[in-house]
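Welcome, and thanks for opening the viewer. Keep the selection panel at hand, and let's go from stop to stop together.

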Number of protein chains: 2
Amino acid sequence: MSQKKISSTEENYLKAVYSLSEKISENSYVSTNSIADEMQTKAASVTDMVKRLAEKTMLTYVPYKGVRLSGLGKKIATDLIRKHRLWEVFLVEKLGFTWAEVHPIAEQLEHIKSDELVHRLDAFLEYPEYDPHGDPIPDKEGKFRAKPEILLSDLKISEAGIIVGVKMHSPQFLEYLDSKKLVLGTKVEITEIIEFDQSMIVKLENESSFNVSSKICKNLYIQMA
Amino acid sequence: MSQKKISSTEENYLKAVYSLSEKISENSYVSTNSIADEMQTKAASVTDMVKRLAEKTMLTYVPYKGVRLSGLGKKIATDLIRKHRLWEVFLVEKLGFTWAEVHPIAEQLEHIKSDELVHRLDAFLEYPEYDPHGDPIPDKEGKFRAKPEILLSDLKISEAGIIVGVKMHSPQFLEYLDSKKLVLGTKVEITEIIEFDQSMIVKLENESSFNVSSKICKNLYIQMA
DNA sequence: AAAAATATTTAGACTAGTCTAAATATTAAT
DNA sequence: ATTAATATTTAGACTAGTCTAAATATTTTT
Ligand SMILES: [Mn+2]
Ligand SMILES: [Mn+2]
Ligand SMILES: [Mn+2]
Ligand SMILES: [Mn+2]
């Protein structure tokens, strides 16, 4: 399986490429610069690294075009995402962390190498399907369950739904959501849309309604009721 | 606290020095070669590293004599041991690993950096005092509880006690102990000592008695009944 | 289609950590 | 007190990963 010799750095590059691949069309390449952006590093460093990863057959690299993950690279990336999200569930469900706190710790824990550990953690958590931010947890084969698609900003007046995920993950954003009780599982109904700034007046169950900015509406995933 | 920039490698060196310090007299030095042995590396590499650690005031280094941990170095080492042992408890108590399996995984987990995580893990495990091998878990200040001292090999005929720890940690040894039911908490009584090879005939509660080799007797810690 | 702007790669340097081989210091043996 | 054996340090080289600056390729604008 994924028991090859691979560094945490290499894993992080593959994860970044995977994540960037999701945002572009199937047959296009992930550019050097976009990877540098995502990894907070320099394009020159990326070129070095993708050459090494290509050497290890984890991706294909076409100079001046970009890279594409191979099956192996995809497997390593989804394994990493699986571990990241399982650990986030652990941190929230078992240790009582908030959803705003867990990401940096999961960034470390995802690199722990032990298939048996992942397997037992998964069982201990009772095979969760989604992480604390509503992101689906891929299975051992790297298959994802359906991910939330509809944003709060897609709803029309009088439509209602349940918050099932967040698009942005910054702690500040998540803490703000907590303070407004806009957490996963909360039912929301649109009572009004303010045209000039695209903000919405939202009604929560057993709560008074209030204004929600466009920025927030574009970062909340909804399961329509 | 321990939030300085410190690499896992540096942490491992400090842990090795700490462990070696325990085995020698208070005022003597830990030698370069002994560190190289412990770390499975070369003496030349150790010299390089201890110079860097001395630079960071984590230990004092006297060329051709050896090193001694500073207060800071000692704190980093005991923090690491604390984390290692807490994770071992987690792996055994919560995830169902055997005591023979946990060490290599804890070697990775001990390097996760988050004081809050350690604190919450400690609480989640209900503040355990000993790890699955009977080794005491130091507190936040690095203070240790009493560690087991008496070995099974110290007992005389007809004396009895409870197994509270193991001196050796190899998986093979631990698995062998499991197969003989010589696990922590087991009550043992010496019924006979074979002089020529220093092996012992041991009686367990509700079990028939059997021969235990000298090597094993020297690696089992006993709390006398 | 040339010029300008942008993206990407190459070249060379740096740090952390490691190694081997050679030099030097310390300790033990005669 | 020399000599021999052992321990330790230095010197020089190597890899992974990173950076800046310069060179080159690609894309966009005019
Ligand atoms: Mn995360
Ligand atoms: Mn998440
Ligand atoms: Mn251990
Ligand atoms: Mn242990």
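How far does a polar side-chain atom of Tyr13(B) lie from a phosphate oxygen of DNA strand C? Select both and look: the distance is 3.3 Å. Keep in mind on this tour that the model is a predicted one.

**Stop 1: DNA strand C**

Stay with DNA strand C and bring up what is around it. You should find 21 residues, the closest being Lys51(A), Tyr61(A), Ser7(B), Thr41(B) and Arg52(B). Colour the strand's atoms that come within 4 Å of the protein: 76% of them belong to sugar or phosphate, and the rest to bases.

Next, pick out two further phosphate contacts. In chain A, the side chain of Thr32(A) places an N or O atom 2.8 Å from a phosphate oxygen of DNA strand C. In chain B, the side chain of Ser45(B) does so at 2.9 Å. Now show the helices: α2 and α3 of chain A, along with α1 (8-22) and α3 of chain B, are the elements that give two or more residues to this surface. The largest share, five residues, comes from α3(B). If you colour the surface near DNA strand C by class, you will see nine nonpolar, eight polar and four charged residues.

**Stop 2: DNA strand D**

Now select DNA strand D. It is surrounded by 21 residues, and the closest are Ser7(A), Thr41(A), Arg52(A), Lys51(B) and Tyr61(B). Among the atoms of DNA strand D within 4 Å of the protein, sugar and phosphate account for 78%.

Zoom in on three contacts with phosphate oxygens of this strand:

- Thr41(A) brings a side-chain N or O atom to 2.5 Å.
- Lys51(B) has a side-chain N or O atom at 2.4 Å.
- Tyr64(B) uses a backbone N or O atom, at 3.0 Å.

Which elements give two or more residues to the surface near DNA strand D? Select α1 (8-22) and α3 (43-55) of chain A, then add α2 (32-39) and α3 (43-55) of chain B. The largest share here is the five residues of α3(A). By class, this surface divides into nine nonpolar, eight polar and four charged residues.

**Stop 3: two backbone angles**

Return to Tyr64(B) for a look at its backbone. This residue sits in the loop between β1 (59-62) and β2 (66-69) of chain B. Its phi is positive, about 70°, although Tyr64(B) is not a glycine. Is Tyr64(B) buried or exposed? It counts as exposed because its relative accessibility is 88%.

Then go to Gln40(A), in the loop between α2 (32-39) and α3 of chain A. Gln40(A) also has a positive phi, near 55°, in a residue other than glycine. With 76% relative accessibility, Gln40(A) counts as exposed.

**Stop 4: two manganese ions in chain A**

Select the manganese ion (ligand 1). Its protein donors are His84(A) through NE2, Glu88(A) through OE and His103(A) through ND1, at 2.0 to 2.2 Å. Along the sequence these donor residues follow the spacing H-x3-E-x14-H. His84(A) and Glu88(A) are both in helix α4 of chain A, four residues apart, or about one turn of the helix. His84(A) counts as buried because its relative accessibility is 7%, and Glu88(A) is buried too, at 2%.

Which residue bridges the manganese ion (ligand 1) and the manganese ion (ligand 2)? That is Glu88(A), and the two ions lie 3.5 Å apart. Around the manganese ion (ligand 2), the protein donors are Glu88(A) (OE), Asp131(A) (OD) and His133(A) (ND1), lying 2.1 to 2.3 Å from the ion. Glu88(A) and Asp131(A) link distant parts of the chain, 43 residues apart: Glu88(A) is in helix α4 (residues 71-94), Asp131(A) in the loop between α6 (115-124) and β3 (160-166) of chain A. Like Glu88(A), Asp131(A) is buried.

**Stop 5: a cavity in chain B**

For the last stop, select Lys83(B), Trp87(B), Ile112(B), Leu117(B), Val118(B) and Leu121(B), which line the largest cavity. Its volume is about 30 Å³. Helices α4 (71-94) and α6 (115-124) of chain B each supply at least two lining residues, and the largest share, three residues, comes from α6(B). Colour the lining by class to find five nonpolar residues, one charged and no polar.

Methods: Residues numbered from 1 in each chain as written. Chains lettered and ligands numbered in written order. Predicted model: local features only at pLDDT ≥ 70, side-chain atom pairs only at ≥ 80, totals over all residues. Heavy atoms only, no water. Near = heavy atom within 4 Å. Polar contact = N/O pair within 3.5 Å; in protein donor to acceptor, adjacent residues only side chain to side chain. Nonpolar A, V, L, I, M, F, W, Y, C, P; charged D, E, K, R; others polar. 1 Å grid on protein atoms, 1.4 Å probe; cavity = no way out; pocket = protein on both sides within 12 Å on 5 of 7 lines; lining within 4 Å. Points joined across faces, edges and corners; volume = space filled by probe spheres on them. Donors = N, O, S within 2.8 Å, 3.2 Å for Na, K, Ca; no water. Buried < 20%, exposed > 50% of the residue type's maximum accessible area, 1.4 Å probe, protein only.
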